[in-house]
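The following exercises concern cysteine pairing and the surroundings of a bound ligand. Each task is followed by a solution in steps.

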Amino acid sequence: MLVFLTFALWLLGGLHGALGGILPSFNPLVRSTDLMQTATSLGQQLSKDATIILPSNPLWDEVIARGSYPRVNPGYFVVVEVATESDVQKTVKFANSNGIPFLVVSGTHGWTKTLNKLQGGIQINMRKLNTSVVSKDGKTATIGGGTLQWEATSALFNQSKQAVTGLCECVSVIGPLLGGGHSMLQSQHGFALDNLVSARVVLADGSVTDVSASKNADLFWALRGAGHNYGIVTSFVVKVYDIPAGNQWTVYSLIYKSDKLEALFSLVNKIDAPSATRPSKLVLAGAITRIPDIDAAQPVIAYTLSYEGTQAEAEQYAAPFKAIGPAVTTVTTNVNYVQLYTVTGNNLENPVCRKDNNIFGSGISLPSWDTAGLRKAFNVFAQASADPRFSTSAILTESYGMNGVRAVDAKTTALAPEERANPILTTPIFWWEGANPQDATDAEAYAAKIKDAMYSGVTAAGGKRHTYVNYAMGEESRAEMYGYEQWRMDKLKSLKSIWDPKNKFRFYNPII
Ligand SMILES: Cc1cc2nc3c(=O)[nH]c(=O)nc-3n(C[C@H](O)[C@H](O)[C@H](O)COP(=O)(O)OP(=O)(O)OC[C@H]3O[C@@H](n4cnc5c(N)ncnc54)[C@H](O)[C@@H]3O)c2cc1C
């Protein structure tokens, strides 16, 4: 156990002063040597590979760095890098016995503002629980609770397997899964959470339990859709699939000028119409964004059509998109599942994975594109992205395919049923630099206008807003994220009273 305990320096060197505004309000012990001794004793109880890091440590900035910083900036006084399940248990018990709140962190890309409610707490950093092991029968893999997408994807790929993982390498596997888990493979196999077989979960009191369809089935239900509210997943078992022979994807990158907006999204509506038979291997995604080399005056639509198959097989699906007349068309073939992250611009080196700048989105789920609302949203975005602060921002226009997702009965998981019903996931994503609170206020105001425009067709028809919980910015109502059915919310609350009666897991889009 490596302990970076420089408490004396911490107190003498002014850091205590810096934290003083936060810490005394929750626990007077922080001012005393008692807590230092207790923290030291925690360190001594942990496994040899665990690490305790205090603000005075040179590594501090690195371990608290996160996506959407400083807009999202939970307040910690210590980071515990756990290395075993038992470390997690001991840390939770330590926090409870000292009345200290805690937050579990894996990929650090959660962007909801509700995380800021954690102040003066312990960060339980899961990154050392990073393993991906395929079972002997080749049907499942056990993934560590702190594993990132790229780590799991490449480990499985080396064994000719793939799992339903998200689209971005730097995000954890478990973070998206607990709230859904959109994926290039969702139309074939369902959301990431539909592929969860079992989990090891450290509960609010520090005890640990197995969770599956046959063990603690009620908690298994809650974990799949509202999982951030119920415990710390130290490891979990997911279904894995053989990588198809040849394993080649074909990716069309099509850039359209803004006059094609209506034609493009009307075509997507046809492909996703209830009567259509969209193939599960077809994945559609895009972003309305600024590319001055293509159009100096207006945002453009950078659209991607990916197909798991050869170009000859994909061409029939690409043809109507090409017929609309993109300004630029690029085709990349023979792409495998690991390379797909780079070809689609979601790899570790891509700016989407940056940790030190502000980002937020607000996922808008739609039954189909309302092209009038979309045009209004485009116009707001054109104004917002002309503002130099937000010039690299985008509106995501994702439509990954729903066959596998709809094959699962919505009642069997906690996930909001709207997530399984609506094929369109569109998200204004704002990026900006710096810590000026006015920038966040302005970005959120633009996003709110874009949301109003995007939802206008739904609300005019008497429908209700639904936001993907993992894309929520932190201001949405619970019903908007977790669904409008009363029985579902009642059940989630009742399960909280059983599994987390003191509401320790309350910082990520909380149910209570
Ligand atoms: C660049 C980017 C790409 C994204 N791509 C996708 C995508 O393809 N598909 C998709 O569905 N979503 C995607 N998202 C949204 C993503 O699902 C959420 O941002 C998610 O919260 C990120 O999880 P994380 O572990 O990386 O972040 P963290 O901030 O570390 O975790 C987020 C929350 O998850 C909980 N948590 C983390 N680890 C554990 C654990 N081991 N046990 C229990 N709870 C835990 C905690 O409540 C924590 O606050 C993306 C987000 C970004 C920023």
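A disulfide is a pair of cysteine sulfur atoms within 2.5 Å. The model examined here is predicted.

**Exercise 1.** Determine which cysteines are joined by a disulfide, and where in the chain they lie.

*Solution.* Step 1: a search of the whole structure returns 1 disulfide. Step 2: the partners are Cys170 and Cys353, with an S to S distance of 2.2 Å. Step 3: these cysteines connect distant parts of the chain, 183 residues apart. Cys170 belongs to the loop between β8 (161-162) and α7 (174-179), while Cys353 belongs to the loop between α12 (337-343) and β17 (358-361). Step 4: the angle about the S-S bond is -90°, and the link of Cys170 and Cys353 is left-handed.

**Exercise 2.** Explain why Cys168 forms no bond to the closest cysteine sulfur.

*Solution.* Step 1: the closest cysteine sulfur to that of Cys168 is in Cys353, at 3.8 Å. Step 2: a disulfide requires sulfur atoms within 2.5 Å. Step 3: the sulfur of Cys168 is therefore too far from that of Cys353 for a bond.

**Exercise 3.** Classify Cys168, Cys170 and Cys353 as buried or exposed.

*Solution.* Step 1: the criterion for a buried residue is a relative accessible area under 20%. Step 2: Cys170, at 7%, is buried. Step 3: Cys353 has 10% relative accessibility and counts as buried. Step 4: Cys168, at 16%, also counts as buried.

**Exercise 4.** Describe the shell around the ligand by its nearest residues, its residue classes and the elements that supply it.

*Solution.* Step 1: there are 33 residues around the ligand, of which Ser106, Thr108, Leu167, Ser172 and Tyr468 come nearest. Step 2: by class, the shell consists of 18 nonpolar, 14 polar and 1 charged residues. Step 3: at least two shell residues come from each of β4 (102-105), α7 and β11 (232-239). Step 4: α7 provides the largest share, 4 residues.

**Exercise 5.** Identify which atoms of Gly107, Gly145 and Tyr468 lie close to polar ligand atoms, and state how much of the ligand the protein covers.

*Solution.* Step 1: Tyr468 places a polar side-chain atom 2.5 Å from an oxygen atom of the ligand. Step 2: for Gly107, a backbone N or O atom is 2.9 Å from a ligand oxygen atom. Step 3: a polar backbone atom of Gly145 lies 3.1 Å from a nitrogen atom of the ligand. Step 4: on its own, the ligand has 950 Å² of accessible area, and the protein covers 97% of this.

Conventions: Residues numbered from 1 in each chain as written. Predicted model: local features only at pLDDT ≥ 70, side-chain atom pairs only at ≥ 80, totals over all residues. Heavy atoms only, no water. Buried < 20%, exposed > 50% of the residue type's maximum accessible area, 1.4 Å probe, protein only. Near = heavy atom within 4 Å. Polar contact = N/O pair within 3.5 Å; in protein donor to acceptor, adjacent residues only side chain to side chain. Areas by Shrake-Rupley, 256 points an atom, 1.4 Å probe, with all protein chains shown as cover. Nonpolar A, V, L, I, M, F, W, Y, C, P; charged D, E, K, R; others polar.
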